[in-house]
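Colleague: I should like to learn how helix packing, chain contacts and burial are read from a model. Could you take me through these features in turn?

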Amino acid sequence: MGGLAMGGYGAYVWTCFTLAGLVFVICEWRARLRHRRVYRDIEVRIKALGDIQ
Amino acid sequence: MWKFIHQLASPPHFYRISALIVPWLVVPGLLLAGYATYAGLFLAPADYQQGDAFRIIYVHVPSAYLSMMAYLIMAVSAGIGLIWRIKLSHAVAAAAAPLGAWFTFLALATGSIWGKPMWGTWWEWGDPRLTSELIMLFLYFGYMALRGAIDDTTKADKASAVLALVGAVNVPIIHFSVEWWSSLHQGATLVKKGGPAMDPGMLYPLLAMILAFTFLFGALLLRRVRAEVLFRERRTRWVKEMILSGESS
């Protein structure tokens, strides 16, 4: 427990590390989401064009 | 070498190559981050003045470094796109902006959290590094807003590239602000004459974390550029063929 308390600065230290982890997770999630959306939009457009032809 | 770079600038080639590179950045990035987190939190000795609060350095410094690195990548890519009209360059610039904004936010937030117990305040407007870093966050917002406001991609590329290049003047200001003006921030610790002014037990986890952030940032950037390339090339034959062939990466 002593290690987690960080000499009384635990709240500051752990908040910073958690925030850093969250930023990476959010960036990764948003990058994947953007790629998936673009890919799906193109897929739908190609399919629609194929149906017309 | 030049042939490889020339090939890499071709959107279809980049799209396929980058998918292969991403795991080679993620795996060492995660391993290094795991080591650096453990060593930084539990193995590094406490600072004789700041105690354990100094451990915030292991996320604050890498994020501050990446906030500037992302801006440089954005400005240089935008400049290359503007001068040589390489399509991929504008895609890189557009992809770097949101990542840069996130890491600038992280640098500001962790700096503010660190400042409270050490300086007794969350924010100090008179500090040149805090203010110039905040200006960089606004530059990222401005760049993204400008891109979003112009429907024509070519026009958006040109206008935002000019903004990115003009705003690049802020990067050396952030870096040298602690030397040029009176600042609450300490001077350079890592990059200074005579080598880093840190105990090796503190220094190695920090270097490992900087490397980890760089690898993971590289992977995130490649992922974003891939999405940007796909969007810009959505009407091309290679994208159509790739999607019809069921290639999902």
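Modeller: The discussion below takes up helix pairs, then the contact between chains, then the core and some individual residues.

Modeller: This is a predicted model, in which local features need pLDDT of at least 70 and side-chain atom pairs count only at pLDDT 80 or more, while totals for chains, interfaces and linings use all residues. Residues are numbered from 1 along each chain as its sequence is written, and chains are lettered from A and ligands numbered from 1 in the order in which they are written.

Colleague: How is a pair of packed helices described?

Modeller: Two packed helices are described by the angle between their axes and the distance between the axes. Axes are lines fitted to C-alpha atoms, for helices over the stretch in contact, with angles from 0 to 180 degrees between N-to-C directions. Helices are DSSP runs of H or I with at least four residues, numbered from the N terminus.

Colleague: At what angle do α3(B) and α6(B) pack?

Modeller: Helix α3 (residues 57-84) of chain B packs against helix α6 (residues 153-167) of chain B at about 135°, and their axes are 8 Å apart. That angle makes α3(B) oblique to α6(B); angles under 35 degrees count as roughly parallel, over 145 as roughly antiparallel, 65 to 115 as roughly perpendicular and the rest as oblique. The crossing of α3(B) past α6(B) is left-handed, a term used if the near helix is turned anticlockwise from the far one by less than a right angle.

Colleague: Which residues make that contact?

Modeller: Residues are in contact if their C-beta atoms, placed from the backbone, lie within 7 Å. On α3(B) these include B:Met74, B:Ala75 and B:Ala78, and on α6(B) they include B:Ala161, B:Ala164 and B:Leu165. By class, the contact of α3(B) with α6(B) has seven nonpolar, three polar and two charged residues. Here Ala, Val, Leu, Ile, Met, Phe, Trp, Tyr, Cys and Pro count as nonpolar, Asp, Glu, Lys and Arg as charged, and the others, Gly among them, as polar.

Colleague: How do α5(B) and α7(B) run relative to each other?

Modeller: The axes of helix α5 (residues 128-149) of chain B and helix α7 (residues 170-180) of chain B cross at roughly 165° and come within 8 Å. The two helices, α5(B) and α7(B), are therefore roughly antiparallel. Among the residues that meet are B:Glu133 and B:Met136 in α5(B) and B:Ile173 and B:Ile174 in α7(B).

Colleague: What is the class make-up of the contact between α3(B) and α4(B)?

Modeller: These helices, α3(B) and α4(B), pack at about 155° with axes 7 Å apart, which makes α3(B) roughly antiparallel to α4(B). Their contact has 18 nonpolar, 11 polar and no charged residues.

Colleague: How many residues of chain B touch chain A?

Modeller: There are 33 residues of chain B in contact with 24 residues of chain A. On the chain B side, α4(B) gives the largest share, nine residues. That side comprises 20 nonpolar, five polar and eight charged residues.

Colleague: How is a nonpolar core recognised, and which residues touch the most other members of the largest one?

Modeller: A nonpolar core is a set of buried Ala, Val, Leu, Ile, Met, Phe, Trp, Tyr and Cys residues joined through C-beta atoms within 7 Å. A residue is buried if 20 or more other C-beta atoms lie within 10 Å of its own, exposed if 12 or fewer, and partly exposed in between. The largest core has 76 residues, and those touching the most other members include B:Ile56, B:Met74 and B:Ala212. Both chains supply this core: α2 (10-52) of chain A and, among others, α2, α3 and α4 of chain B each give at least two residues. Beyond four places in sequence, B:Ala212 is in contact with B:Gly29, B:Leu32, B:Ala33 and B:Ala36.

Colleague: Is B:Glu133 buried or exposed?

Modeller: B:Glu133, in helix α5 of chain B, counts as buried because it has 22 C-beta neighbours inside 10 Å. B:Glu133 and B:Leu108 are 25 residues apart in sequence and 7.4 Å apart in space, C-alpha to C-alpha.

Colleague: What should one look for in phi?

Modeller: Most residues other than glycine have a negative phi. A:Met6, not a glycine, has a positive phi of about 50°; A:Met6 is buried, with 21 other C-beta atoms within 10 Å. B:Arg85, also not a glycine, has a positive phi of about 55° and lies in the loop between α3 and α4 of chain B. With 12 C-beta neighbours inside 10 Å, B:Arg85 counts as exposed.

Methods. Two residues are in contact if their C-beta atoms, placed from the backbone, lie within 7 Å.
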